[in-house]
Amino acid sequence: MKDITDQAEERHRAKMANRKAVQDAEVAEKTVEKGLLMVHTGSGKGKSTAAFGLALRMLGHNRRVGIVQFIKGGWSTGEQPALAVFGDRVVWHTMGEGFTWETQDLKRDIAAAERAWEKALELMADETIGLVVLDELNIALRYEYLDLDKVVGELQARRPDLHVVVTGRNAKPALIDAADLVTEMTLVKHHFKAGVKAQSGIEF
């Protein structure tokens with residue numbers, strides 16, 4: 001470790017003390033507690049993974065979690081068996097029938113999305129659930145499988161203490177406007193472009 005002078009140490013201490021005072025004052029100003037509507041969107045990886053991270057955090061605080069997958073159907077992901085160890089503290093419904101380019105059936109995709117949304121409303125009404133993950137709902141909205149205004153309205157009308165996280169690319173502006181927290185995952189580099197196939201534990 002490089003040598004640190006007493007003067008440098010004192011300057012650092014004073015700087016950090018000032019920063020702590022500013023941070024503490026800012027935190028003290030925040031008094032509202034409410035259920036959040038969160039959106040994970042963008043072209044980068046990690047949208048669903050981040051949502052499942054929130055699920056783990058919620059479980060760590062002894063809150064139940066509900067999950068509805070809108071698009072992913074037959075594609076098995078590692079998160080589901082991992083979260084299954086929490087038993088009935090996690091309610092998981094995979095309602096999609098696969099990616100849209102696989103089904104190639106508009107009526108079938110719309111019907112699956114409508115069933116998934118009904119299940120989402122059911123979970124949102126369950127007062128024992130603290131977080132609902134709506135995985136790939138953005139895709140269903142992008143392709144207009146569901147009525148955007150109706151979905152946004154029902155999300156806004158959810159009970160006050162419920163947290164909801166919506167994932168998927170191309171989040172609609174109306175949903176972004178309604179959300180409390182929006183995170184855009186930006187793609188910088190992806191191994192798929194170099195010919196590396198999707199791998200268990202990474203992509204699914």
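Tyr143 is partly exposed in the predicted model, with a relative accessible area of 36%. Tyr145, in contrast, is buried, and its relative accessible area is 8%. Aromatic pairing was examined across the whole structure, and the search returned two pairs. In one of them, Phe52 stacks with Trp92, the ring centres lying 5.3 Å apart and the planes meeting at 15°. This pair joins distant parts of the chain, since Phe52 belongs to helix H2 (residues 47-60) and Trp92 to strand S3 (residues 90-94), 40 residues apart. Phe52 has a relative accessibility of 5% and therefore counts as buried. Trp92 is likewise assigned as buried, at 14%. The rings of Tyr143 and Tyr145 are also stacked, because their planes stand at 25° with the centres 5.9 Å apart, and the angle limit for stacking is under 30 degrees. The two tyrosines of this pair thus fall into separate accessibility classes, Tyr143 being partly exposed and Tyr145 buried.

Salt bridges were searched for in the whole structure as well, and nine were found. Among them is the bridge between Lys119 and Glu122, in which the closest N and O atoms are 3.3 Å apart. Both residues lie in helix H5 (residues 106-125), where a spacing of three residues places Lys119 and Glu122 about one turn of the helix from each other. Lys119 has a relative accessible area of 19% and is classed as buried, because the limit for that class is under 20%. Glu122 reaches 48% and so is partly exposed, the limit for exposed being over 50%.

A salt bridge is also formed by Lys150 and Glu154, with 3.3 Å between the closest N and O atoms. These residues belong to helix H7 (residues 148-156); Lys150 and Glu154 are four residues apart there, so about one helical turn separates them. Lys150 is partly exposed at 42% relative accessible area. Glu154 is also partly exposed, with a value of 24%.

The side chains of Arg159 and Asp161 form another salt bridge, with an N to O distance of 2.8 Å. Arg159 counts as buried, having a relative accessibility of 16%. Asp161, its partner in the bridge, is partly exposed at 41%. Beyond these pairs, a network of salt bridges links Glu9, Glu10 and Arg13.

Helices H5 and H7, which hold the Lys119–Glu122 and Lys150–Glu154 pairs, pack against each other with their axes 11 Å apart and at an angle of about 10°. At this angle H5 is therefore roughly parallel to H7, a description that applies to angles under 35 degrees. On the H5 side, the contact is made by Trp117, Leu121 and Met124. H7 contributes Lys150, Val151, Glu154 and Leu155. By residue class, the contact of H5 with H7 comprises five nonpolar residues, two charged residues and no polar ones. Lys150 and Glu154 thus take part in the helix contact and also form a salt bridge with each other.

Val152 is also located in helix H7. This residue is buried, with a relative accessible area of 8%. When its neighbours within four places in sequence are left aside, Val152 is in contact with Ala174, Leu175 and Ala178. Gly42, which is 110 residues from Val152 along the chain, has its C-alpha atom 19 Å from that of Val152.

Ala179 occupies the loop between helix H8 (173-178) and strand S6 (181-184). Although placed in a loop, Ala179 is buried, its relative accessible area being 15%. With residues up to four places away in sequence not counted, Ala179 touches Leu37 and Val39. The C-alpha atoms of Ala179 and Ile110 are 24 Å apart in space, and the two residues are 69 apart in sequence.

How values were computed:
Residues are numbered from 1 along each chain as its sequence is written. This is a predicted model: local features need pLDDT of at least 70, side-chain atom pairs count only at pLDDT 80 or more; totals for chains, interfaces and linings use all residues. Side-chain values use heavy atoms; hydrogens and water are left out. A salt bridge is a side-chain nitrogen of Lys or Arg within 4 Å of a carboxyl oxygen of Asp or Glu. Helices (H or I, at least four residues) and strands (E, at least two) are DSSP runs, numbered from the N terminus. Buried means under 20% relative accessible area, exposed over 50%, partly exposed in between (1.4 Å probe, protein chains only). Rings of Phe, Tyr and Trp (its six-membered ring) pair if their centres lie within 6.5 Å; planes under 30 degrees apart count as stacked, over 60 as edge-to-face and the rest as tilted. Axes are lines fitted to C-alpha atoms, for helices over the stretch in contact, and angles run from 0 to 180 degrees between N-to-C directions. Angles under 35 degrees count as roughly parallel, over 145 as roughly antiparallel, 65 to 115 as roughly perpendicular and the rest as oblique. Contact means heavy atoms within 4.5 Å. Ala, Val, Leu, Ile, Met, Phe, Trp, Tyr, Cys and Pro count as nonpolar, Asp, Glu, Lys and Arg as charged, and the others, Gly among them, as polar.
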